[in-house]
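Colleague: I should like a close look at one part of this model, the largest pocket. Which residues lie nearest its centre, and which elements line it?

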Amino acid sequence: MEQVVSDAPAVEGALRTVDVTVPATSANLGPGFDTLGLALSIYDSVTVSAFDDGRLDIAVAGSGAAQIPTTADNLVVRSIAHVYADVGRPMPGLHLRAVNGVPHGRGLGSSGAAVSAGILIAKGLLAGDVELDDHSLLRLATELEGHPDNVAPALFGGLTIAWTGESGPQHKKLLVHRGVAPLVFVPGFTMSTSLARSLQPPQVSREDAVFNVSRSALLVAALTQSPELLLDATADRLHQDYRGAAMPETLRLVQALRAEGFAAVVSGAGPSVLVLADGPGARRRAVDIADAVTDTPWDAHMLAVDVRGGTVEQRAEGST
């Protein structure tokens, strides 16, 4: 998480104004269920000014804007309030403007991005009074999101391994091999994360568990050192096939791409498809395959791995 100072003018009369940018994320990456996550170069941007009155002025543009509340129920606002309550500070009035680039309900971490944005906004607004370290940021975000696999890469960027230990949520950030070229196929339909989770069995066989443990370990090596192993490393037996009945076009595309040698997986809970190509040139062929094998129109995004994670920019002191 990066924090800098911006020269852009603040809203007149504000106690403080901060700009936050948070990347999209893809969780699971095939076998790494609820553990592995990757930050991608699509972004939500939020500007918030704090005031010493009770105002709450919210405007949202971009993906999902029509369905996002502009009241205290707004997830970014709830996340800000969660931090203020945690550190025992009174919630300020807020003037909030958001532009959402992360597609909503598509398995690209839109809720994790909103939670992370709110946590980082609070960090910026509280700077100089309360200092929040990375451990606190991840703890607070996980309390709201429920699991750390999306919020860890949204906050810190790169490839993250997330787990919960005795001292709470933890993460390890790794740098992705420069030969890995992400491609995301985003459909026009959405998928409920709660529905996707409900389709999984409560127990799996020992054979399937061992299979996923081996592939998860291999995937870390493939993403950081050996991209040529990505096809084998992204195989999964824990969740994707079970969820396929609810999104058959997604599963069909994953299977078609994998049959042609591409490391394709369901992105998060779906329905988007993530391809971890072993070089930028391969992505064009993957797009051609998607156009040929499915009747569903897919919006293809050729992306980079975001290495910075969420950023916080404080406006220059005295700006009006």
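Modeller: The largest pocket is lined by 43 residues, and those nearest its centre are L75, G109, S110, S111 and G112. Seven elements each give two or more residues to this lining: β2 (16-28), β3 (32-51), α1, β5, α2, α3 and α5 (193-198). The largest share, 7 residues, is supplied by α2. The space in this pocket amounts to about 700 Å³. A pocket here is an open set of points on a 1 Å grid over the protein atoms alone, where a 1.4 Å probe fits and protein lies on both sides within 12 Å along at least five of seven lines; a lining residue has an atom within 4 Å of a point. The volume is the space filled by probe spheres set on the points. Helices (H or I, at least four residues) and strands (E, at least two) are DSSP runs, numbered from the N terminus.

The model is predicted: local features need pLDDT of at least 70 and side-chain atom pairs pLDDT 80 or more, while totals for chains, interfaces and linings use all residues. Residues are numbered from 1 along each chain as its sequence is written, and side-chain values use heavy atoms, without hydrogens or water.

Let us turn to α1, one of the lining elements. Helix α1 covers residues 75-87, which is 13 residues, and it spans 19 Å from its first C-alpha to its last, close to the expected 18 Å (1.5 Å times one less than the number of residues). Its buried residues (under 20% relative accessible area with a 1.4 Å probe, protein chains only; exposed is over 50%, partly exposed in between) are V76, V77, S79, I80, V83, Y84 and V87. They lie on the same side of α1, because they cover an arc of only 165° around its axis, taken from the directions between the axis and the C-beta atoms. An α-helix has 3.6 residues a turn, so residues three or four places apart point the same way. The cover over the buried residues of α1 includes β4 (56-62), β5 (93-100), α2 (110-126) and α3 (134-145).

Both ends of α1 have a detail to note. At its start, a side-chain oxygen of N74 comes to within 2.9 Å of the backbone nitrogen of V76. Just after α1, G88 has a positive phi of about 75°.

Strand β5, which also helps to line the pocket, holds N100. N100 counts as buried because its relative accessibility is 11%. Leaving out residues up to four places away in sequence, N100 touches (heavy atoms within 4.5 Å) Y43, D44, V60, A61, G62, S63 and I68.

Strands β2 and β3 belong to the lining elements too, and the loop between these two strands contains L29. L29 is not a glycine, yet its phi is positive, about 55°. With 0% relative accessibility, L29 counts as buried. D34 lies in strand β3. D34 has a positive phi as well, about 60°, although it is not a glycine. With 24% relative accessibility, D34 counts as partly exposed.

Notes: A polar contact is a pair of N or O atoms within 3.5 Å; within protein, one must be able to donate a hydrogen and the other to accept it, and residues adjacent in sequence count only if both atoms are side-chain atoms.
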